[in-house]
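The following note sets out points for consideration alongside the coordinates. They concern the ligand site, a helix pair and several backbone features.

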Amino acid sequence: MVMTICLGAGFAAAPPEAARTDTVIDQGWEFRQLAPPVDRSGGEWRSAQVPGDVHLDLLRNKLIPDPFYRDNEAKLQWIEGATWEYRTTINVTPQTLKKRNLELVFEGLDAYAEVFMNDSQVLTAKNMFRIWRVNVKPLLRAGGNQLRIVFPSPDKAAAQAASADPWRLKTHVEEKTYVRKAAYEYGWDWGPTFVTSGVWRPVHLEAWDEARISNLHIRQLDVTAAVAHLNGEVEVTATEDAIAEVSIRCAQGGKPLEATRSVALHAGVNHIDLPLEISKPVLWYPAGYGAQSLYTFTAEVKTQGIVEDARSVSTGLRSVVLRRDLDKWGRSFEFVVNDIPVFGKGADVIPFDSFPSRVTEESYRRILQSARDANMNMIRLWGGGYYESDTFYRLCDELGIMVWQDFMFGNDWQPGLYSWKLNVAAEIEDQVKRLRDHPSIVIWCGNNETEEAIFWNGRQQLPADVRNQMWQDYVSTFSGVIPAVVERLDPQRPYWPSSPSADYEETSPTFQTGDVHVWDVWHGRVPFSTYEQHHGRFVTEYGFQSFPEMKTIEAFTSPEDRSSIFTPVMLAHQKNNEGNSIIHDYLLKDYPEPKDFAAFLYVSQVLQAEGIKIGAEHFRRSRPETMGSIFWQMNDCWPVASWSSIDYYGRWKALQYYARRFYAPVLVSPHVEDGVLKTYIVSDKVQPVSGELDLRIIDFDGKVVKEALQPVSVPALSSQIYLQWPISDVSAADTAREVGVAELVVEGVGVSTNLIYLAPTKQVHLPEAHISAELTQGAEGYFLKLSSPVLARSVYVTFGNLGPELSDNYFDVLPGRAAVILVKSRETLDRLKAKLQVVSLADAFKSVNADK
Ligand code: BMA
């Protein structure tokens, strides 16, 4: 074995042409329905798109209406009961045919599929999340070759798979659990039921001779600012025994780096290690903590001087540790990145669409950039969907958004069949290998709520032996099969069995450990203030629903659907039983009845935002006891009433604007505890911050009742109280007409402003607002200046269907203090003025303060 590491020598920037070729098979696809019944689609061959799915192909061929419009979902359920067939022709040149290996690679088949090449069956696929590779060399000929894929009805495939498990008769688990397919396709409490079929990710024909690089990974053994010790792991698949030269190069971050090894390859899979060392690496940081520098590594394999294959991978160098130390509250749960304990701020992310192939880079960017713009540094990719695309993770890497990555198991108990576990192990291997170089992924997590939900739905009543067996199956998969694969392929990254979980440790009020989902607010219908009784070490879910804005509602309704939130179509776009009633009930606890449908939508958003703000600020104030606040949920997969902070069309709800404030790097958070108004400052900064804290109590006309101005020095990574006023000293007379305004000013700039009402929301006596709005042309758009002589709460600015980009929305306008926002639009000033509407909370009800 000869191995050299040379710096600055022999470096070539671009990978040379390799002998391996890769042809994407995305042209000439057709599909048809196979019996029974064919009457709905005619059963003829029609054009199809790959990647795609049968629902989108039916839509493009105008065989079905828009699945998201009104109540069309219910009319399209026949699709999952049918069997579908896809085909295309692959043209193979004589030159390609000479290659020693010709393989078809399917990056994703949803889900149960039989694949035929020139009418010979080459594959039976039974897992949407696996990458399938099949040798088709013996079947191909020069010229046209037919690739055909049959997708039996998912219902029937599931029934058949389930029938192989004798335990199912005892556990009564649903049949669908036996097919590895995105759980949300079957419907969720925010998502429609569209159980689809299709080639949902790209297909390729790979042609190669002696060797190919079947995987390239840069293992980060230990990384510090002084030096990064890496292991370049090149997996080479060889046709036969051969001598090869394997190398890795990297150009960025100072001097070029190259490591080369001469190795003897055997036929089959070879693992070649190339240790690499980078001194003073430019580290990758989560958003808010530093830059997101990425390194690109290129590996090459040569035999007899010929470059057989070359592959590149980009990664960011950072260390990540899940710190779990005993402390005075129990056992910690905090992510330590590059030695910094990082408070995780963000939201859960679900699939971006019911039909994933139509999600564009632009829509990913819109949501992920919105996360960053709202001062988030972490998202949790929830386990009831699918492993996201490479584009998604690349954007997370570039934006510094850490990813809590669930494996794709959602809620229900999972089968214990040995064959099923082998299928899962292969899936985990495919996905970990595909994703492990993304620095943004900071944890692998076994599943969403499977541990917690195992005995839900009456299963507590099952006989003890059945429950024991189910528990053993659970543990053997999520603390056996899956972590064993992770440990082998990616041992440096933390693994966690479930969300939520305590990793099988006992929790108690005095011993908190693990991550938690907090659902007594919403599902348990308790007041928002209950959030403040929770002391989980890391909160991975808590949430409250709202309606999307009118423009979004208009996209899926006709006018008669918009008379109330309880019309059949509005209820068809609410998937949580009782959801609309829950919103309504909570709303009436804090506010009077909204005056009309539009006002209801608006108030629902304010209600959600104010509620989640209570939780988020409490969790942030509780650092370091609590080290994460991930609210449920950021996005939607269709237009719907849901827990999202951004709707299906990418429009920010009030919550997303509020999140930008409650996730500010330095947050001022006034809070009443035991009759004392305590003003906290929470800082996520790694350096101390000096500034001035201004706390004043004003009445709604702006008269100052009490004020304090105090210099503050805020330690790095801290949460502390800076001012304490007994409530009895605070109020002049009428707490229903007063508000506390806390502001933190650093170097002349207001970094955080927060209001606190001294009376319960329902009793706050909001004055009728008289907001004056002035829209003027500026250099980069328009400026909208809003002012009001009295307090105007949660001011909502809309330009109707013109929908310009606004720098802020749903903010308070303080008496006598103008607020200015930027309006980005190509429309004329006059058109914008004509559509401008400014609403504040006081305008939203039948009569202001009706019941006060
Ligand atoms: C959690 C999630 C989702 C669900 C949400 C709202 O439990 O994991 O399954 O959509 O609650 O009910």
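**Notes on the backbone, a helix pair and the ligand site**

1. Pro500 lies in the loop that runs between strand E30 (495-496) and strand E31 (515-518). The model is a predicted one, and in it the peptide bond from Ser499 to Pro500 is cis, with omega near 0°.

2. A cis peptide bond also joins Val50 and Pro51, where omega is about 0°. Pro51 belongs to the loop between strand E4 (46-47) and helix H1 (54-60).

3. Asn338 deserves a separate entry. Its phi is near 50°, a positive value in a residue other than glycine. The residue sits in the loop between strand E24 (334-337) and strand E25 (340-342).

4. Helix H8 (residues 418-435) and helix H10 (residues 464-489) form a crossing pair: their axes come within 10 Å and cross at roughly 35°. The crossing of H8 and H10 is right-handed.

5. Which residues make the contact between H8 and H10? On the H8 side they are Trp420, Lys421, Val424, Ala425, Ile428, Glu429, Val432 and Lys433. From H10 come Asp473, Ser476, Thr477, Val481, Ile482, Val485, Val486, Arg488 and Leu489. By class, the residues of this contact divide into ten nonpolar, two polar and five charged.

6. Turning to the ligand, the residues that surround it are Trp188, Asp189, Trp190, Trp382, Asn411, Asn448, Glu449, Trp519, His523, Glu541, Trp632 and Trp643. This shell divides into six nonpolar, three polar and three charged residues. Tryptophan supplies the nonpolar part of the shell, namely Trp188, Trp190, Trp382, Trp519, Trp632 and Trp643. The charged members are Asp189, Glu449 and Glu541, and the polar ones are Asn411, Asn448 and His523.

7. Several side chains of the shell place polar atoms beside oxygen atoms of the ligand. For His523, an N or O atom of the side chain is 2.7 Å from a ligand oxygen atom. In the case of Asn448, the corresponding distance from a side-chain N or O atom to an oxygen atom of the ligand is 3.0 Å. Trp382, counted as nonpolar by class, nevertheless has a polar side-chain atom 3.2 Å from an oxygen atom of the ligand.

8. How much of the ligand's accessible area does the protein cover? On its own the ligand has 300 Å² of accessible area, and the protein covers 95% of it.

Key: Residues are numbered from 1 along each chain as its sequence is written. This is a predicted model: local features need pLDDT of at least 70, side-chain atom pairs count only at pLDDT 80 or more; totals for chains, interfaces and linings use all residues. Side-chain values use heavy atoms; hydrogens and water are left out. A residue is near a molecule or strand if one of its heavy atoms lies within 4 Å of it. A polar contact is a pair of N or O atoms within 3.5 Å; within protein, one must be able to donate a hydrogen and the other to accept it, and residues adjacent in sequence count only if both atoms are side-chain atoms. Accessible areas come from the Shrake-Rupley method with a 1.4 Å probe; for residues, only the protein chains shown count as cover. Axes are lines fitted to C-alpha atoms, for helices over the stretch in contact, and angles run from 0 to 180 degrees between N-to-C directions. Helices (H or I, at least four residues) and strands (E, at least two) are DSSP runs, numbered from the N terminus. A crossing is left-handed if the near helix is turned anticlockwise from the far one by less than a right angle, and right-handed if clockwise. Contact means heavy atoms within 4.5 Å.
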